Amino acid sequence: MELRERLGRKRMTSPPGKKMFFDKVWDVHRIIDLGDGFDLLHVDRHVMHEITSTDGIEFLDNTGRTLRNADLNFATPDHVVSTAPNRKSDSIPQFTHMITSMRDNSKKHGFTLFDLGDERQGIVHVIAPEQGIALPGATLVCGDSHTCTVGGVGALSWGIGTSEVKHVMATQTIVQRRPKTLRISFDNSLSKNISSKDMILYLIGRLGAASGDGYAVEYAGPAVKSLDVEARLTLCNLSIELGAKIGQVAPDDTTYEYLNDRPFSPKGGLFDQAVRHWRTLPSDEGAAADKEVSIDASAIQPQVTWGTSPEHVVGINETIPDPKSADSDVKKRAWEAALKYMDLEPGKPISKTPIDIVFIGSCTNSRLSDIHAAADVAEGKKVAKGVRGLVVPGSGLVKKAAEFDGSAEILRNAGFEWREPGCSMCVAMNDDVVASGKRTVSTSNRNFEGRQGDGARTHLASPATAAASAIAGFICDPRQLKS
Amino acid sequence: MEPFLKIDGVAVPVWRANVDTDAIIPIAFCVNRKRPHFDEGLFHRWRFDENGESTNFTLNDKRYSDPKIMIGGNNFGCGSSREMAVWALVDYGIRSVIAPSFGEIFFNNCFQNGVLPIQLLEKEVEDLVREVETSENPLMTIDLEEQKIGSPAGNHIAFDVNGLRKNALLLGLDPIEATLSQSDAIDAFQKKDRATRPWIYSPGE
Ligand code: SF4
């Protein structure tokens, strides 16, 4: 029998009446049980960027259809936009039409657009929670795999393909197979100066990049509870790198405080009513996930990747592993290819590896707290000679806030470029590209071959580690620089 | 969509763990392009070197020309949700991908485009790769109706597929039409839901 489909079948392990957070939210959204494990679900929020929405809109136009619920659809350009100061819609001519057609379509089809020039524009997964579009217990989909990010506010969110985008546009629903649940508890507390980026990289290194396949992940435990919402968004962001479409943190007072008064959050009495509903959502005491994993958060050190999959990760004071120690043939081949591509030698320490570029940005780490973490390390110091440092805030509002509180100035004084919001070097579609053979420490989420440019060599790390490496000129433990 | 019948053709191995959709089709080939031309980008970085010369990647090997089946490593198609990865495979002629496990969004995108992703045990896939790599004619068959793979050496391997998905593939069903025929149920759901979760339907009020 097909393994995946077998995984999809729900194994009832909870006592009767006890439900997991995920199950409660899923059940609220079920319109029709389609059989064979599939449900037709209501989509509360559909968010779009310029790459994956174009075909959907074209489909609507060609078939004479409209958005079923235009009010529940939101869009922003982020992937192809220039991040140069004073950028315009036509700064990169081959993409101009993607930005202008999104503008025309928002008028024609009535969805809300956060356009270039609007301070609310930014990376789709940064602005969805920032604007209060992503809400606890709400389903949110987007034609982008990192939609799992907004599980950080307790949304049930996941990335979809173009065919599904069309389906959502026309019907405001989606056909989905119910995944199993995986609860990952981070026990004990994090050591000082360890971030949620280190937590999730460590987890992926431990469990592997396919381990979340077929599961909806819930991050729980004291070390997660004590994270602020921005750190939770970072944690959930890399769920897809764990192999899971869905990653969530159950909502709590930290979440409600964060969402209160956001532009698209419910207001007044409606907010109170929503909070009353949200409070019923966290997993019942005694409810069990299909699979439970616990991690000792106090053991986590700053993490940095050495290879071309996020599971190729080590603690910053560890050495690059030897393919001979891989536990399967297919893995061994992948490690060998990764080391060749990255031009690294097994057995050598990862720290002190010289670098060319540092990129601080992306939907993983471009929020105000990330900018602060980088500024904390960089304050009063200079980016090493020969290293290019870029900081790309996740939204116009993040940029404005960092300029207001002085962190932007600290970074600029240290020699970092301070740019306009967008995906930038995370996906290297615009002019922000890592040249072939160059090595970068990046706060993004994918170290895949060619992701940041053909032949680019990417090391994923936290904002603090990235900033410390920029200053040192090589991969550097931020704790060393601080003391 | 075209109904999915039997496949009979060349199988090409891409035997590496965690083959991501950025590798299957680089982002530059995802924009400003229409079907059926996404095959130009298929594994572009692995098929060609910096000077545009063909590499010794399996897709460039004459033995595997005009493949209909691809055999991958675990977590095949992980990463970006880009459906262009599946379009690139289809435009190249691939109708089925066999692997020990798949990226979830890719797995789903396959079904949306009439491609059959087949999950087998890692050992079973490894054996198939060995057979394909060593046989004169790396030909295989896939019968969805019977849920059986025929290997180059003539072995038969059974596979499982979800009933709903099998049916949709065999009949070439259009999921949007199917859902639109349920419009009344969607209306009724929204009406009832609006009463209990009014904040969902009027964002920002
Ligand atoms: S920042 Fe990177 S990962 Fe995030 S949405 Fe943009 S391209 Fe995707």
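In the predicted model, the domain assignment divides chain B into domain 1, covering residues 6–173, and domain 2, covering residues 174–205. The C-alpha centres of domain 1 and domain 2 of chain B are 37 Å apart.

Two helices of chain B, α3 (residues 84–92) and α4 (residues 104–112), pack with their axes 9 Å apart and at an angle of about 50°. This angle makes α3(B) oblique to α4(B), and the crossing of α3(B) past α4(B) is right-handed. On the α3(B) side, the contact is made by Ala85(B), Val86(B) and Leu89(B). The residues of α4(B) that take part are Phe106(B), Asn109(B) and Cys110(B).

Elsewhere in chain B, the peptide bond that leads from Arg35(B) to Pro36(B) is cis, its omega being near 0°. Pro36(B) belongs to the loop that runs between α1 (21–24) and α2 (44–47) of chain B.

A helix pair was also examined in chain A. Helix α13(A) spans residues 368–378, and its partner α14(A) spans residues 396–405. The axes of α13(A) and α14(A) are 9 Å apart, and the packing angle is about 40°. The two helices are therefore oblique to each other; oblique covers angles that are neither under 35 degrees, nor over 145, nor from 65 to 115. As α13(A) passes α14(A), the crossing is right-handed. From α13(A), Leu368(A), Ile371(A) and His372(A) meet a set of α14(A) residues consisting of Val398(A), Ala401(A), Ala402(A) and Asp405(A).

The loop that precedes α13(A) begins after β15 (357–360) and contains Ser362(A). Ser362(A) is not a glycine, yet its phi is positive, near 80°. With a relative accessible area of 0%, Ser362(A) is buried, the cut-off for this class being under 20%.

A positive phi, about 60°, is also found at Asn188(A), likewise a residue other than glycine. Asn188(A) is located in the chain A loop between β9 (180–187) and α7 (196–207). The relative accessibility of Asn188(A) is 44%, so this residue counts as partly exposed; the class lies between the limits of 20% and 50%.

Helix α6(A), residues 162–171, is mostly covered, with nine of its ten residues buried. The buried residues of α6(A) include Thr162(A), Ser163(A), Glu164(A) and Val165(A) in the N-terminal part of the list. Also buried in α6(A) are His167(A), Val168(A), Met169(A), Ala170(A) and Thr171(A). Gln172(A) follows α6(A) and has a positive phi, near 55°.

Helix α9(A), residues 229–237, is mostly covered as well, and nine of its nine residues are buried. Among the buried residues of α9(A) are Val229(A), Ala231(A), Leu233(A), Leu235(A) and Cys236(A). Glu230(A), Arg232(A), Thr234(A) and Asn237(A) of α9(A) are buried too. The N-terminal end of α9(A) is capped by Asp228(A), with a side-chain oxygen of this residue 3.3 Å from the backbone nitrogen of Glu230(A). Glu230(A) thus appears both among the buried residues of α9(A) and as the backbone partner of the cap.

Key: Residues numbered from 1 in each chain as written. Chains lettered and ligands numbered in written order. Predicted model: local features only at pLDDT ≥ 70, side-chain atom pairs only at ≥ 80, totals over all residues. Heavy atoms only, no water. Buried < 20%, exposed > 50% of the residue type's maximum accessible area, 1.4 Å probe, protein only. Helix = DSSP H or I, 4+ residues; strand = E, 2+ residues; numbered from the N terminus. Polar contact = N/O pair within 3.5 Å; in protein donor to acceptor, adjacent residues only side chain to side chain. Domains from an automatic or database assignment. Axes fitted to C-alpha atoms, helices over the stretch in contact; angles between N-to-C directions. Left-handed = near helix turned anticlockwise from the far one by under 90°. Contact = heavy atoms within 4.5 Å.
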